[in-house]
Amino acid sequence: MRKIRVTPLSDELQQLKQLYQAECEARQRAEQRLAELENNSLDHNQQLQHIGQFLEQAVGVQIQELQVAKGTLESQKEEAESANQAKTSFLANMSHEIRTPLTAIIGFSQSIKNGLIDKDKLPEIIDIIIDNGKHLLNLINDILDLSKIEAEQLAVESIDVDLFKLLHELGNVCQPNAQNKDLSFTIEVSQEVPSNITSDPTRLRQILLNLCNNALKFTQQGGITVKVGYFEGLNLLEIDVIDTGVGIAQEKAEKLFTAFTQADESTTRKYGGTGLGLYISKQLAQLLGGDITLETELGKGSTFSLSVDCGLAQFEDLTYAEYINCRSPDDDIPQVPKLKGSVLLAEDNEINQELIAMHIKACGAQVDIACDGQQAVELALQSDYDLVLMDIQMPNMDGKEAFETLQALGFTKPIVALTANVISSDVEVYTQMGFTASLAKPLNLTHFYETLGKHLYPSDNPTQKTAQSDTEQMDPFLLKLRRQYQTEITNYLQQIDTAMNNNDLEALFEVVHIVKGTAGSFGFDEVTEMAGKIQDNLRLETPEQLKQQISALKILLSEAQNE
Amino acid sequence: MSEQNNDTQEKTILVVDDIEYTRQLLRNAVLAVINAEPDKFKIHRYKFVNASNSLDAMAKIEQHQPDLIFLDIELPGGVNGIEILKRIKKQDAQAFVIMVSGESTIENVQNSLKSGASGFIVKPFSAVKVAEAMKNFEKKKIK
């Protein structure tokens with residue numbers, strides 16, 4: 001029997017077995033690894049999915065936002081376009097509004113010129129021309145106000161306002177218009193309302209007139225009530241303009257206080273007016289420390305409530321009703337004053353020259369005309385004028401230069417600026433330069449007559465041109481008296497000086513009064529005139545004006561003494 | 001001498017015009033003004049000096065150093081008033097000169113101002129006009 005050697009084989013087997021095991025293990029490990037990797041890959045896939053979803057969402061949101069933004073921009077663009085459209089049509093509308101009255105003015109004037117109007121129709125046609133002119137002026141003023149407001153250039157005053165007087169004048173203007181339409185117009189002022197407030201009277205009047213005129217326009221029956229109240233807590237004046245008119249639809253009411261709205265156009269065409277009033281009024285009210293609000297009901301009527309800040313307010317025991325009763329009947333039409341004296345008018349526009357000269361001559365005074373600053377200087381130096389009216393815009397030499405030239409030569413007579421500028425900063429310039437005052441063009445007759453009255457002489461007591469002015473022909477007794485008077489003049493001069501130094505207006509008044517009464521009898525007419533002028537204006541003048549006039553009086557007295 | 005520290009010093013007023021009558025009228029007008037407002041113009045004591053032509057004027061200026069000069073623009077003798085004004089101002093920049101003329105053409109007025117005049121009056125003149133021309137003398141404002 002042979003023995004088989006298995007040992008090397010089992011070694012090899014062992015080795016193989018080991019190898020196989022190792023392989024198995026390796027394979028296991030590899031499978032494990034693979035499984036891990038698979039898991040990782042799944043995780044990653046999930047993560048990628050999440051990221052993918054997240055990105056989708058985010059982009060989706062972004063797209064939404066962009067769409068919303070696009071929508072907003074589109075609607076803003078629409079708004080801007082429609083606002084622009086509104087502005088364009090506003091301009092076109094305004095252009096039409098301006099041309100219409102001009103056509104009437106020019107047309108009717110030409111018809112008159114060509115003799116096409118009957119004599120008895122003439123007054124009516126002239127009234128039409130005047131009315132259209134006034135309407136045009138109102139329109140232009142509104143447009144200017146509007147542009148100033150848009151440019152934030154509008155300034156309001158802060159001065160004392162006689163509230164009762166303002167309300168009374170409002171009534172005077174609106175009452176007749178209301179009566180013409182068979183409407184009532186009443187003003188009710190409650191007890192606690194102040195008699196005076198600190199505000200801008202011009203703008204306040206403007207707002208109230210706008211509200212009242214609107215009320216009158218849109219009311220066919222019933223009437224208008226203006227209720228005035230005062231809120232102590234906020235120091236606010238509240239004025240409600242209540243009408244029993246047609247009322248305003250809600251959609252229109254919202255747009256009422258805006259400018260450039262389409263809604264206004266049809267109303268403007270139907271009811272007239274400028275269509276800008278309420279927007280301007282609201283802006284003005286806000287500038288005056290208040291606002292305008294509206295309560296309205298279609299078919300019932302509307303109440304426009306204006307509030308303004310009162311600033312420093314004065315309260316009187318007198319109620320508005322009592323105030324009305326105390327007043328004598330008002331004539332708001334300016335009365336032509338009776339004056340004499342000489343005026344130098346410097347104005348380059350021929351039509352204005354004639355117009356203003358006519359007003360001056362209507363008072364009884366004399367007027368010389370200069371066409372530009374140079375002529376103004378020449379004439380002012382050549383003759384003795386009581387007042388110089390100086391237009392600012394003139395060719396060759398303007399009003400400011402002429403003023404400066406005269407000032408450099410010591411000219412002391414009053415010089416009043418005539419200017420189309422009503423911007424208060426420009427008017428300030430004139431006052432600071434030394435102009436006595438400024439008058440706005442076109443001239444307000446009341447202010448114009450006031451100015452003339454201040455600087456010219458009243459001619460109610462015409463000074464007699466005495467035959468005694470010629471001393472050679474004078475009665476010797478009178479001559480002696482005259483000489484005596486001349487020595488008296490020294491006393492008068494001293495009395496005047498004393499009164500001026502002591503700021504004693506009463507004493508000054510007395511001396512001037514005596515001088516006025518006596519000088520005329522001895523033929524010293526210029527002294528009498530000067531004294532008369534001072535006497536009449538004593539309480540109205542500024543200290544500067546008074547000083548100058550007293551100085552002139554003293555010089556005239558001195559001259560009289562040497563005659 | 002125009003720098004007066006002492007108000008009671010006598011002031012010299014020179015009147016230059018070829019016609020005596022005009023000089024007299026001017027003196028009367030100035031007198032009326034001074035008597036009316038001595039404190040205003042600070043003229044309490046005064047003396048008038050006259051000249052009838054440009055040479056005389058320059059001589060009197062040198063001699064008296066006037067505080068106030070009235071000068072006729074139409075002075076005869078070849079040299080016009082503006083020229084004389086310039087010469088006066090050259091000699092004494094502080095001289096207070098008021099031009100006197102028969103008319104107020106803008107050229108004369110502007111030339112006078114430019115050449116240093118402090119006032120401009122037109123014949124016939126009133127005392128008030130003279131006072132106005134002297135207004136700057138009150139404040140001793142001299143160009």
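How many salt bridges does the count come to over all chains? The points below start there and then move through the fold.

1. **The count.** The model is predicted. Over all chains, the count comes to 17 salt bridges. A few of these pairs are worth finding on screen.

2. **A pair in helix α1.** Start with A:R27 and A:E31. They form a salt bridge, and their closest N and O atoms are 3.1 Å apart. Both sit in helix α1 of chain A, which covers residues 7–113. The two residues are four places apart, so about one helical turn separates them. A general rule helps here: an α-helix has 3.6 residues a turn, so residues three or four places apart point the same way. Now check the surroundings. A:R27 counts as exposed, at 57% relative accessibility. A:E31 counts as partly exposed, at 42%.

3. **Another pair in the helix.** Move along α1 to A:K77 and A:E81. These residues also lie four apart in helix α1 of chain A, about one turn of the helix. They form a salt bridge with closest N and O atoms 3.9 Å apart. The cut-off for a salt bridge is 4 Å. A:K77 is exposed, with a relative accessible area of 53%. A:E81 is partly exposed, with 45%.

4. **A bridge between loops.** Which residue forms a salt bridge with A:D384? The partner is A:K413, and the closest N and O atoms are 3.5 Å apart. A:D384 lies in the loop between α10 (373–382) and β11 of chain A, while A:K413 lies in the loop between α11 (399–408) and β12, so this pair ties together parts that are 29 residues apart in sequence. A:D384 counts as partly exposed, at 37% relative accessibility.

5. **A network across chains.** Look next at A:D497, A:K554 and B:E37. Salt bridges link these residues in a network. Note the chain letters: the network takes in residues of chain A and a residue of chain B.

6. **Disulfides.** The count here is zero over all chains. Recall that a disulfide is a covalent bond between the sulfur atoms of two cysteines. Two cysteines can be compared by their surroundings. A:C24 is partly exposed, with a relative accessible area of 31%. A:C310 is buried, with a relative accessible area of 0%.

7. **Chain A as a whole.** Chain A has 17 helices and 14 strands. Of its 563 residues, 37% count as buried. The chain exposes about 33,500 Å², and carbon and sulfur atoms supply 52% of that area. Consider the contacts between residues at least 6 apart in sequence. Of these, 70% join residues at least 24 apart.

8. **A parallel sheet.** In what order do the five strands of the open sheet run? The order is β10-β9-β11-β12-β13 in chain A, with parallel pairing. The edge strands are β10 (366–370) and β13 (437–440), each of which pairs on one side only. Neighbouring strands are turned by 20 degrees against each other on average, direction ignored. In general, strands of a sheet pair through backbone hydrogen bonds.

9. **Inside the sheet.** Strand β9 of chain A covers residues 342–346 and pairs with β10(A) over five bridges, in the parallel sense. To find the register, look at A:S342, which stands opposite A:Q366 in β10(A). Helix α9 (residues 350–363) lies across β9, β10, β11 (387–391) and β12 (415–419) of chain A. This helix runs at about 160 degrees to β10(A).

10. **A covered helix.** Is helix α7 of chain A mostly covered or mostly uncovered? It is mostly covered: eight of its 11 residues, in the stretch 277–287, are buried. Among the buried residues of α7(A) are A:L278, A:Y279, A:I280, A:K282 and A:L284. Their cover includes α2 (122–150), α4 (201–217), β6 (291–297) and β7 of chain A. Just after the helix, A:G289 takes a positive phi of about 85 degrees.

11. **A serine in β7.** A:S307 lies in strand β7 (residues 301–309) of chain A. Is A:S307 buried or exposed? A:S307 counts as buried, because its relative accessibility is 14% and the cut-off for buried is under 20%. Leave aside its neighbours within four places in sequence. A:S307 is then in contact with A:L236, A:L237, A:E238, A:A285, A:G290 and A:D291. One of these, A:A285, is a buried residue of α7(A).

Definitions and conventions. Residues are numbered from 1 along each chain as its sequence is written. Chains are lettered from A and ligands numbered from 1 in the order in which they are written. This is a predicted model: local features need pLDDT of at least 70, side-chain atom pairs count only at pLDDT 80 or more; totals for chains, interfaces and linings use all residues. Side-chain values use heavy atoms; hydrogens and water are left out. Two strands pair if DSSP finds at least two bridges between them. Axes are lines fitted to C-alpha atoms, for helices over the stretch in contact, and angles run from 0 to 180 degrees between N-to-C directions. Contact means heavy atoms within 4.5 Å. Buried means under 20% relative accessible area, exposed over 50%, partly exposed in between (1.4 Å probe, protein chains only). Accessible areas come from the Shrake-Rupley method with a 1.4 Å probe; for residues, only the protein chains shown count as cover. A disulfide is a pair of cysteine sulfur atoms within 2.5 Å. A salt bridge is a side-chain nitrogen of Lys or Arg within 4 Å of a carboxyl oxygen of Asp or Glu.
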